[in-house]
Amino acid sequence: MSRPLRSLEGSAPAELRLADVERLYPRYSGPGPRYTSYPTVPVWSDTFDARDHEAALRAIDPARELSIYAHVPFCHSLCHFCACNRVITRDPELPKRYLEAIEAEVGLVASMIDGRPRVGQLHWGGGTPTHLDPGQLERLFESIASRVEILPDAELSVEVDPRVTTEAQVDTLARLGFNRLSLGVQDTDRRTQEAIHRIQPFEQTLALTEAARARGLTGINYDLVYGLPHQTVGSIARTLDHVLSARPDRIALYGYAHVTWVAKQQRGFERGDLPDPSRRLALFLEASGRLLDAGYRWIGMDHFALEDDPLTQALDEGTLRRNFMGYITRVGTDVLAFGPSAISQLGDAYVQAEKGLDAWMDAAREGRLPTALGHRLTKDDVARRHLIERIMCMGRVEASELRERFGAAFH
């Protein structure tokens, strides 16, 4: 089997043969680091405490543009493939207490930064941010916007679950200035949806997509996952038929992570039909090939975007970057993160908040930074992080660039 795949630079197609890849794939099919950061979170230390966190905040250059992330941990029901930090609840009081705590956390952090932070990117993830009702969405936005300057060209994005997101919530998000919506789709096959405990007819996804576009949220992303129970090349092709009919601006094609020590509910998949490495690879090649054939450009490791999307332009210009919020187009921005388990990137330091909802809320309401873990990067860390990011974003590294930037020998 072979399929012509467009290279990262969009030059002449290169022939990618499944047989060749299958010979290499077993060397890389085992568990590996999740490089949302370097060094990765498991090696950070709890000796990095609130005093170190405060010092990193006070060292922020007020002239630099910042990104902000807010983690909304709530979901109505548990998707069995998910290993995110989430709280399954229908208790109406929990979101109210969460909003009080995040207001306190934002206020505390803002008081430690010199000047009014300038924000070029705001992202809400979860969990399910649209677990919050329209009034609560507005309150969350104001708790942040009242303490920062959101730049006129800022990218405001939010992750939504089409099963629970209403047109009233979309109206609110549009009025607040959000311009990007990321819809969790995963797979449209009924059997796979039943296995992962997420029944979501594609008509529901399409209706939300159309409602968002009608209100000016023109940047639409779909999240897909390959490697889920019962997926076949045929079923993922049918999922792509649905997805391509909606023509989202971006598509994230993630590999399912089987991490039963984090997400115990995944253990049930082991009695089902998880694709083996060979079929998992075939699923990835089928999906990526279909997207390339449909005119999408391959962005980094696991994203695809239309030709006129800012991610594609950043790829062509060599300015594509990746941080805890995914692939980004704005260069050199620190990340202020709020909410339980949220991760900030502050100059040469990483900081993660308390993961437990109660522990995080208690600290915020008591006027304490909810610091759980952190790491201050060494010069060697910074150089290695740069190399890893270049591989993840541009698919290449250059020894001369490393020497010029860091004075280090490439080997």
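**Exercise 1.** In this predicted model, determine which residues of strand β17 lie on each of its two sides and whether they are buried or exposed.

*Solution.* Step 1. One side of β17 carries Ala349, Val351 and Ala353, and the other carries Tyr350 and Gln352; all of these are buried, and both faces are thus covered. Step 2. In a regular strand, side chains alternate between the two faces of the sheet. Step 3. The criterion for burial is a relative accessible area under 20%. Five of the five residues of β17 (residues 349-353) are buried, so the strand is largely enclosed by the rest of the structure.

**Exercise 2.** Identify the strands that pair with β17, and give the sense of each pairing.

*Solution.* Step 1. Strand β16 (residues 343-346) runs antiparallel to β17, and four bridges join them. Within this pairing, Leu346 has Ala349 as its bridge partner. Step 2. The hairpin of β16 and β17 has two residues between the strands, and Gly347 adopts a positive phi near 60° there. Step 3. Strand β18 (residues 371-376) also pairs with β17 in the antiparallel sense, over five bridges; here Gly374 of β18 stands opposite Val351.

**Exercise 3.** Classify the packing of helices α8 and α9 and describe their contact.

*Solution.* Step 1. Two packed helices are described by the angle between their axes and the distance between the axes. Step 2. For α8 (residues 233-246) and α9 (residues 277-293), the angle is about 25° and the axes are 9 Å apart. Step 3. Angles under 35 degrees count as roughly parallel; α8 and α9 are therefore roughly parallel to each other. Step 4. The crossing of α8 past α9 is right-handed. Step 5. Val233, Ile236, Ala237, Leu240, Asp241 and Leu244 of α8 meet Ala282, Leu283, Glu286, Ala287, Arg290 and Leu291 of α9. The residues of this contact comprise nine nonpolar, no polar and three charged.

Note on methods
Residues numbered from 1 in each chain as written. Predicted model: local features only at pLDDT ≥ 70, side-chain atom pairs only at ≥ 80, totals over all residues. Heavy atoms only, no water. Axes fitted to C-alpha atoms, helices over the stretch in contact; angles between N-to-C directions. Parallel < 35°, antiparallel > 145°, perpendicular 65-115°, else oblique. Left-handed = near helix turned anticlockwise from the far one by under 90°. Contact = heavy atoms within 4.5 Å. Nonpolar A, V, L, I, M, F, W, Y, C, P; charged D, E, K, R; others polar. Buried < 20%, exposed > 50% of the residue type's maximum accessible area, 1.4 Å probe, protein only. Pairing = 2+ DSSP bridges.
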